[in-house]
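User: I would like to go through this structure with you step by step. Could we begin with the overall fold and then move on to the contacts?
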2 protein chains.
Amino acid sequence: MAVRKQSKTYHHGDLREALVLAAIELLKEKGLSSFTLRECARRAGVSHAAPAHHFASAADLLAEIAARGFERFVAALGEAADETEGTAMARLAAMGRAYVAFALANPAVYGLMFRGGANPLQSPRLKTAATAAWQQLSDAVAAVLGPKRKDEVNAKAAAVWALVHGTATLMLDCKLPLGPARSSDPVAQILSSLPGLLRP
Amino acid sequence: MAVRKQSKTYHHGDLREALVLAAIELLKEKGLSSFTLRECARRAGVSHAAPAHHFASAADLLAEIAARGFERFVAALGEAADETEGTAMARLAAMGRAYVAFALANPAVYGLMFRGGANPLQSPRLKTAATAAWQQLSDAVAAVLGPKRKDEVNAKAAAVWALVHGTATLMLDCKLPLGPARSSDPVAQILSSLPGLLRP
DNA sequence: CTTCTAATCTTGCCACTGTCAAGATAGGAG
DNA sequence: CTCCTATCTTGACAGTGGCAAGATTAGAAG
């Protein structure tokens, strides 16, 4: 379905975009492990060597998808913060929930964003988006802590990032509740101890 | 180097073990992405189809390695707890450091242990080790919290797990300090806010 | 409008992978 | 000693990513 353009024209018209969309769909269906450049070409209705003219390698296509994912990710965090009124802590908590929700809604893309291919965060575009995300979270943490030394804000922000990132990856990889007692909403349960993280 | 047994005997003698060792070395050198069953066979000095008699598939070999990794992991956590005298909190902190240290020392294996192959934690052996690890951490958390409802202990333990797991994966995947200010020991910096996690 | 250049796409190939099937070898029970 | 069975080898197959050479066409240059 979707963008399987099967026109009779020799030239596709917008192959690059079609490949990206096909790849995202393929990732959603089969996951990263069975992602294939040739399958993307097939879904775009094009020969197996056509992608080479738009992406230097398969990893390049995935890098593009990771970059787009990170940009959507930053937008989602921003929206969560903007839509939430109340204390700075409430905004931070909303961002945390948005963080995990994004990961759960886009498992393969989230995986690409962090452990993407071999060298992570190398594309300048990806690095820009990652820095923006970090800045958002760091600012939210600073707003909660009030006037503090920059070092301390950074340390706390890193801890918050680790907590939400760990929650997301555990949910994705292991269906987190390893222990016997599983809550109806394990994510909320974990994130409820987020405030405690921001005290000396 | 290592276990490249090149004897002239038609039968290897201990191929299964040799394959596991070769695979672990290969993972250390090249990482999971360029892991290859045929390369393992080559390093064990054996033909490309020989491994099939010991492992049903390539994923099976990796599952074996993940299981062994998880067992070493559980042992490392236990040692960290046993070697540490002092408060329950000190023991928990030591386990957290050991957790991250293990991940950093065995990046590929750690990756296998959690996001291993396709279906994670499916082997019974792996599941046993995972449950043991969870129990260790959960007990340590319970010792810190004192007499509490089981639900609360589970929630807090999950938060602790998420924090250390997130720290480990971020260190592995992104060289964590995304922000500008990087500490000399980012892990210690993050784990220093672990105590705050255990307060209502 | 014609021509021609450069981008795009196809076909065909290579080395490599995991897995299967069939034959070679040898260790160990009887 | 014989024979059975586990182990290992050889050879094949479909599939992959990447490269090279040719076909096709869009769009600029004249």
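User: How many helices and strands does the secondary structure of chain A come to?

Analyst: Chain A has eight helices and zero strands; helices (H or I, at least four residues) and strands (E, at least two) are DSSP runs, numbered from the N terminus. This is a predicted model, in which local features need pLDDT of at least 70, side-chain atom pairs count only at pLDDT 80 or more, and totals for chains, interfaces and linings use all residues. Residues are numbered from 1 along each chain as its sequence is written, while chains are lettered from A and ligands numbered from 1 in the order in which they are written.

User: What share of chain A do buried residues make up?

Analyst: Of the 200 residues in chain A, 44% are buried. A residue is buried if 20 or more other C-beta atoms lie within 10 Å of its own, exposed if 12 or fewer, and partly exposed in between, with C-beta atoms placed from the backbone.

User: Into which domains is chain A divided?

Analyst: The division is into domain 1 (15-53) and domain 2 (66-198), with bounds from an automatic or database domain assignment. Taken over C-alpha atoms, the centres of these two domains of chain A are separated by 29 Å.

User: And how many residues of each are in contact?

Analyst: Four residues of domain 1 of chain A are in contact with four residues of domain 2 of chain A; contact requires C-beta atoms, placed from the backbone, within 7 Å. The domain 1 side of chain A has two nonpolar, one polar and one charged residues. Here Ala, Val, Leu, Ile, Met, Phe, Trp, Tyr, Cys and Pro count as nonpolar, Asp, Glu, Lys and Arg as charged, and the others, Gly among them, as polar.

User: Turning to the two chains, how many residues of chain B are in contact with chain A?

Analyst: There are 39 residues of chain B in contact with 39 residues of chain A. On the chain B side, H7(B) provides the largest share, 18 residues. By class, that side has 21 nonpolar, 12 polar and six charged residues.

User: How can chain B be laid on chain A?

Analyst: A turn of 180° and a shift of 0.0 Å along the axis lay chain B on chain A with an RMSD of 0.0 Å. The superposition is by least squares on the C-alpha atoms of residues with pLDDT of at least 70 in both copies. The two copies are therefore related as by a two-fold rotation axis. In chain B, the C-alpha of Gly166(B) is nearest the axis, 1.8 Å from it. The same surface serves both copies, as 100% of the contact residues of chain B recur in chain A.

User: Now the DNA. Which residues come nearest to strand C?

Analyst: His12(A), Ser47(A), Ala49(A), Leu37(B) and Ser57(B) come nearest, out of 22 residues around DNA strand C. A residue is near a strand if its C-beta atom, placed from the backbone, lies within 6 Å of it. Helix H2 (residues 37-43) of chain B gives the most to this surface, with three residues.

User: Which are the closest to strand D?

Analyst: DNA strand D is surrounded by 22 residues, the closest being Tyr10(A), Ser57(A), His12(B), Ser47(B) and Ala49(B). Helix H2 (residues 37-43) of chain A gives the most there, with three residues. The surface near DNA strand D divides into 10 nonpolar, 10 polar and two charged residues.

User: Lastly, what do the buried residues of H1(B) pack against?

Analyst: They pack against H2, helix H3 (58-83) and H5 of chain B. Among the buried residues of H1(B) are Ala18(B), Leu19(B) and Leu26(B). H1(B) is followed by Gly31(B), which has a positive phi near 85°.
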